[in-house]
Amino acid sequence: MSNIGAPNRPPEAGAFFQRDRDWHPPAFTPGYKTSVLRSPRRALLSLNSTISEITGPVFGHDMLGELDDDMIVNFAKPGESAIGPRIMVYGRVLDERGIGVPGVLIEVWQANAGGRYRHKKESYLAPLDPNFGGCGRTISGDDGSYCFRTIQPGPYPWPNGPNDWRPAHIHFSVFGHGFGQRLITQMYFEGDPMIWKCPIVKTINDPQAIEQLTAALDMQATLPMDMRAYKFDIVLRGRRSTMFENRREGN
Amino acid sequence: MAQKLDRLKESPSQTAGPYVHIGLTPNFADIGGVYPDDLGAAMVGDKTKGERITVKMRVIDGAGTPLKDALIEIWQADAAGLYNSPAERRGAADPHFTGWGRRATDMVSGECVFETIKPGRVPFNDGRPMAPHLTVWIVARGINIGLHTRMYFGDEEAANAEDPVLARIEHKVRVPTLIAQRSGDTYVFDIQLQGDDETVFFDI
Ligand SMILES: [Fe+3]
């Protein structure tokens, strides 16, 4: 078990803040053609979180392998490494109250430097890199911070419009403390001109929300002569405080 | 002017895309040697308490075709109705049951299979017991934000009839979209993304 929550405070069990569905992409976005047949059309049934959504499993640091957070080498033959621009991606997992969230499982996946995924259904003509698998994972520390190493993925074409390309991106799955916080998103790279042309990016209506998914190049965190750094903070739903938490324990 | 609330915005969702398996079930995607096992693959062991059941799920699009690239996660209470979670304050859950499972749907049939136990009842926010249920979360290419729903059990008619969440569904004809039918030890649950039988999805 990892240490969830601040020391001397019980884990939080309040309901989550309502999701801002205008900030998230809507389900039906015809510019992204696959959404047309995969989008629910009826209104969602709104409920205050129950214990079934407030709770969630715990992921302990002890489940992580030594190289899980290093995609440069975690699939490579001994002594070799993946091809591509070496980068580290770091940041914090916060909630909507600005509080760092510890013990969050972050799983990432991405294409290689040529824009090719290691997947049996992938047929892009860019070559596979024999030393790159494309998956990594880590768990946030006590202050919500996390870091992993990888190579910068390439952009790739995909069947949607006749000439649609994905900007370079890393897919993120984020598992906080409650099942109702479950989130999958993507990280983009500062300055990439492909971001604003992408039909998947454009499922998000608010340009500020798109900027929230765009990692900043951080030359202060760079490792000289080794790798550049991109900072990417992730925000999960906040929690309401409960009566239980407003009362001091042990009084 | 009033003071600023200083709330942050939740990171906006983006689709899991067609290659979600690489990140979340790499062994299923034939990326071996990185993680020993796919997370959430085994829910029960020899010591897990409760009635063993099999749950077969599919996710079906608006043209009636099962999704072959979806990923489903379930979260449930143990046999006594307790969640194995730090936020569970009613007691200690069965230590041999995590309550969480993750499966990719089969790339040919679109089906996925969870071997689990039947959960006990847990209370609604006002204390009334909810009927046994699985909390279900679905992501896939073409799904822009993960879909939350629930699976209830067809052989729990009395509990289902008094379930406070099912009672919130205004159009009663839609209640059966959340109820899996039992045959032997197996429950079959088809999640319909669209159409007359569209599954009830939640904003929770
Ligand atoms: Fe991608």
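**Exercise 1. Classify the geometry of the site of the iron ion from the angles among its donor atoms.**

Solution. In this predicted model, the four donor atoms of the iron ion make angles of 89 to 162° with one another, and the site is irregular. As a first step, test the tetrahedral label, which needs all angles between 85 and 135 degrees; the upper end of the range here, 162°, does not meet that condition, so the tetrahedral label is excluded. For orientation, the ideal angle for four tetrahedral donors is 109.5 degrees. As a second step, name the atoms concerned: the protein donors are Y117(A) through OH, Y156(A) through OH, H169(A) through NE2 and H171(A) through NE2, at 1.9 to 2.2 Å from the iron ion.

**Exercise 2. Work out how the donors of the iron ion are spaced along the chain, and which parts of the chain Y117(A) and H171(A) come from.**

Solution. Read along the chain, the donors follow the pattern Y-x38-Y-x12-H-x1-H. Y117(A) sits in the loop between β3 (105–109) and β4 (135–139) of chain A, whereas H171(A) belongs to strand β8 (residues 169–175) of chain A, so that this pair, 54 residues apart, links distant parts of the chain. Next, decide whether each is buried or exposed. Y117(A) has a relative accessible area of 1% and is therefore buried, and H171(A), with 3%, is likewise buried, the cut-off being under 20%.

**Exercise 3. Describe the interface of chain A and chain B, beginning with its area and ending with its polar pairs.**

Solution. Begin with the area: the two chains bury about 7700 Å² between them, of which 58% lies on carbon and sulfur atoms. On the side of chain A, the residues that lose the most area to chain B are R38(A), L45(A) and F179(A), which together account for 11% of what that side buries. The contact itself draws 91 residues from chain A and 81 residues from chain B. Then turn to charge: eight salt bridges are found across the interface, and R38(A) also forms a salt bridge with D69(B), their side chains meeting at 3.0 Å, N to O. Finally, count the polar contacts, which join 52 residue pairs between the chains; strand β9 (residues 183–189) of chain A gives the largest share of the side that touches chain B, five residues.

**Exercise 4. Find where D6(B), with its positive phi, lies in chain B, and decide whether D6(B) is buried or exposed.**

Solution. Most residues other than glycine have a negative phi. The phi of D6(B), however, is near 55°. D6(B) lies in the segment before α1 (20–24) of chain B, and D6(B) is exposed because its relative accessible area is 60%, against a cut-off of over 50%.

Technical notes: Residues numbered from 1 in each chain as written. Chains lettered and ligands numbered in written order. Predicted model: local features only at pLDDT ≥ 70, side-chain atom pairs only at ≥ 80, totals over all residues. Heavy atoms only, no water. Donors = N, O, S within 2.8 Å, 3.2 Å for Na, K, Ca; no water. Tetrahedral: all angles 85-135°; square planar, octahedral: opposite > 155°, others 65-115°. Helix = DSSP H or I, 4+ residues; strand = E, 2+ residues; numbered from the N terminus. Buried < 20%, exposed > 50% of the residue type's maximum accessible area, 1.4 Å probe, protein only. Contact = heavy atoms within 4.5 Å. Buried area = accessible area lost by both parts, 1.4 Å probe. Salt bridge = Lys/Arg side-chain N within 4 Å of Asp/Glu carboxyl O.
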